[in-house]
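Q: Please take a close look at the pairing of charged side chains here. I should like an account that begins with one pair and follows the surroundings outward.

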Amino acid sequence: MKVADVFRVRNPEIRALHLTWIAFFITFYVWFNMAPLASSMLKSVDWLTKDDIRLFAICNVALTIPARIIVGMALDRFGPRRVFSVLMVLMAIPALVFAFGTTMMQLLVSRLVLSSIGASFVVGIHMTAMWFKPRDIGFAEGFYAGWGNFGSAAAAISLPTIALHMYGGEDGWRWAIAQSAIFMAAYGVYYWFAITDGPVGTVHRKPRKAIALEVSTWGDMVKLILWTIPLVGVLGILVWRIESMGYIGRTGALICYGVIAAIVVYQIIQILRVNIPILKKGVPEDDKYPFNSVAALNSTYFANFGAELAVVSMLPMFFEETWSLNAAAAGMIAASFAFVNLLARPMGGLVSDRMGNRRFVMLSYMFGISIGFALMGLMNSSWPLIIAVAITVFTSFFVQGAEGATFGIIPSIKRRLTGQISGMAGAYGNVGAVVYLTIFTFVTPTQFFYIIAAGAFISWVLCLMWLKEPESGFAEEYQVSSVDLQIEEEERQKKAAATG
């Protein structure tokens, strides 16, 4: 696939790509519609405080982690068209409640529920994988993610203007948020009718059970359990932060910890229920896949997307304080980290396609991230500002490219499990953000950059040891195993029996 191909919108797969990145763009626009309007909210609602806004920011990512896992399971059962459409329509409800909420509890709960919209990313990843061949998937996924992810930056740029100039008044921020929610719901309905789950005749490969990821060996089952625990367990950090801010008492926190522990135990039970019968029966050789590759890619997304979310939140203040810039100038410079996404992430996928070795590309990007953040750790006020900006852009190039390379590999690991694997890796990006942002409250920016560099290097080591080049990574079609064919035949028999 060439870059020029993205303009050939008459091609069904290109049209599907554009429909899907726009859907992702809109969901991220809605997800990040609060931060640009925070000051307007404080002026309009006299009982809101800055601490309340900080709490809403925590809630804004809280349920994204479990939602990505649940959505990943739903994808493998219902397909991306249905899941994406339903997600856009349903999430418009909490967005509207937040827009017109009149009590602290309404704003808090609606923002918490709305955080589930962050799971939209993995839906489009799955849809794109159904439309594109393995040899082209890297660029397609990178283009989808790079342009769709820009929705957060578009919200920051446009929403204040919409609130102030289109609506105006004290409630302008409410109507700006409501407008984005209504548009998202409308697009969700349109998406349902405008696209299919892959080209006509595509077989939607489904796992035998959608409640937990299937594995190939007993050892892999143990690894899956160990990698599953942090996905929900990390929410304990959020509970601790909310308690330390005084919004809930010790009893409330203990109840939350108990719920988190119960969810973790439930997930482990589901993993055992799904995999013990499969492993006792024996997994055919042609159906096995290396879970170590999944673990390695979990670590890459923790280290690249997790770092991106964390760094974007602190970079403006870092430039403002280090080089004595005004807020506007610092914000524009920091925005360069996000703007690089438009080119670097598609390029990461394209390089992954063209090099003929996806593992080597992944290793190169992760090593580049560790070097980039190490250089950012060296930056101080004695450095020329232009050099600091250049290093920031250099680092962002590797961060965004690594994100594209990660999802250039995932669809080729095990086709029928793409939704669940994408959900797990995507969730680890948010785990990384929570961990890094928590660490940032205890360290200086310089130390913070070094810690992120160390995290990227650890991921590089894990990829070096565990990541395997996918067998069908550049094939005409995804690998189909004997189990895939068996499941397909069972589905055909069920439909035949149902139709009489």
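A: Glu-285 and Lys-288 form a salt bridge in which the closest N and O atoms are 2.9 Å apart. The model is a predicted one, and the description below should be read accordingly. Of the two partners, Glu-285 is exposed, with a relative accessible area of 62%, whereas Lys-288, at 36%, counts as partly exposed.

A salt bridge also joins Asp-287 to Lys-414, again with closest N and O atoms 2.9 Å apart. Asp-287 belongs to the loop between helix 13 and helix 14, and Lys-414 to the loop between helix 18 (385-409) and helix 19, so this pair ties together parts that are 127 residues apart in sequence. Both Asp-287 and Lys-414 are buried, in contrast to the exposed Glu-285 and the partly exposed Lys-288.

The count of salt bridges comes to five, and one of them lies within a single helix. Asp-220 pairs with Lys-223, the closest N and O atoms being 3.8 Å apart. The two residues sit in helix 11, separated by three residues, about one turn of the helix. In an α-helix there are 3.6 residues a turn, so residues three or four places apart point the same way. Asp-220 has a relative accessible area of 7%, which means that this residue is buried because it falls under the 20% limit. Lys-223, with 30%, is partly exposed.

Helix 11 itself covers residues 218-233. Its 16 residues reach 23 Å from the first C-alpha to the last, close to the 22 Å expected at 1.5 Å a residue. Besides Asp-220, the buried residues of this helix are Met-221, Leu-224, Ile-225, Trp-227, Thr-228, Leu-231 and Val-232. The elements that cover them include helix 4, helix 12 (235-244), helix 13, helix 14, helix 19 (418-440) and helix 20 (445-466).

Phe-291 offers a view of this packing from the other side. Among the residues that Phe-291 touches are both members of the helix 11 salt bridge, Asp-220 and Lys-223. Its other contacts are Leu-213, Val-215, Leu-224 and Trp-227, leaving aside residues up to four places away in sequence. Phe-291 is also listed, together with Phe-121, Tyr-191, Leu-315, Phe-319, Met-362 and Phe-373, as having the most contacts inside the largest nonpolar core, which has 135 residues. Helix 14 (residues 291-322) gives the most to this core, with 16 residues. A second core, separate from this one, has 21 residues, including Met-41, Val-45, Phe-98 and Leu-159. In soluble globular proteins, nonpolar side chains tend to be buried together.

A polar residue links helix 11 to two further helices. Gln-267 is located in helix 13 (residues 250-281), and its relative accessible area of 15% makes it buried. Leaving aside residues up to four places away in sequence, Gln-267 touches Ile-69, Thr-228 and Val-232. Thr-228 and Val-232 are among the buried residues of helix 11, while Ile-69 is among those of helix 4.

Helix 4 spans residues 64-78. At 1.5 Å a residue, its 15 residues should span 21 Å, and the end C-alpha atoms are 20 Å apart, which agrees. Its buried set consists of Thr-64, Ile-65, Pro-66, Ala-67, Arg-68, Ile-69, Val-71, Gly-72, Leu-75 and Asp-76. Charged residues thus appear in this set, Arg-68 and Asp-76 being listed as buried. Just beyond the end of helix 4, Gly-79 adopts a positive phi of about 90 degrees.

The next element leads to the surface. Helix 5 (80-100) and helix 10 (172-194) each contribute at least two residues to a nonpolar patch. The patch measures about 720 Å² and is made by Val-86, Val-89, Leu-90, Ile-93, Val-97, Val-189, Trp-192 and Phe-193. Helix 5 supplies the largest share, five residues. Ile-93, which lies in helix 5, is exposed, with a relative accessible area of 51%.

A last contact joins parts remote in sequence. Phe-339, in helix 15 (residues 327-339), is partly exposed at 39% relative accessibility. Phe-339 and Phe-150 are 189 residues apart in sequence, yet their C-alpha atoms are 7.6 Å apart in space. Phe-339 touches Phe-150 and also Ile-157, with residues up to four places away in sequence not counted.

Methods
Residues are numbered from 1 along each chain as its sequence is written. This is a predicted model: local features need pLDDT of at least 70, side-chain atom pairs count only at pLDDT 80 or more; totals for chains, interfaces and linings use all residues. Side-chain values use heavy atoms; hydrogens and water are left out. Helices (H or I, at least four residues) and strands (E, at least two) are DSSP runs, numbered from the N terminus. The expected span of a helix is 1.5 Å times one less than its number of residues. Buried means under 20% relative accessible area, exposed over 50%, partly exposed in between (1.4 Å probe, protein chains only). A nonpolar core is a set of buried Ala, Val, Leu, Ile, Met, Phe, Trp, Tyr and Cys residues joined through side-chain atoms within 4.5 Å. Contact means heavy atoms within 4.5 Å. Patches are made of residues with over 30% relative accessible area and no salt bridge: like charges are joined within 9 Å, nonpolar side chains (Val, Leu, Ile, Met, Phe, Trp, Tyr) within 5 Å. Accessible areas come from the Shrake-Rupley method with a 1.4 Å probe; for residues, only the protein chains shown count as cover. A salt bridge is a side-chain nitrogen of Lys or Arg within 4 Å of a carboxyl oxygen of Asp or Glu.
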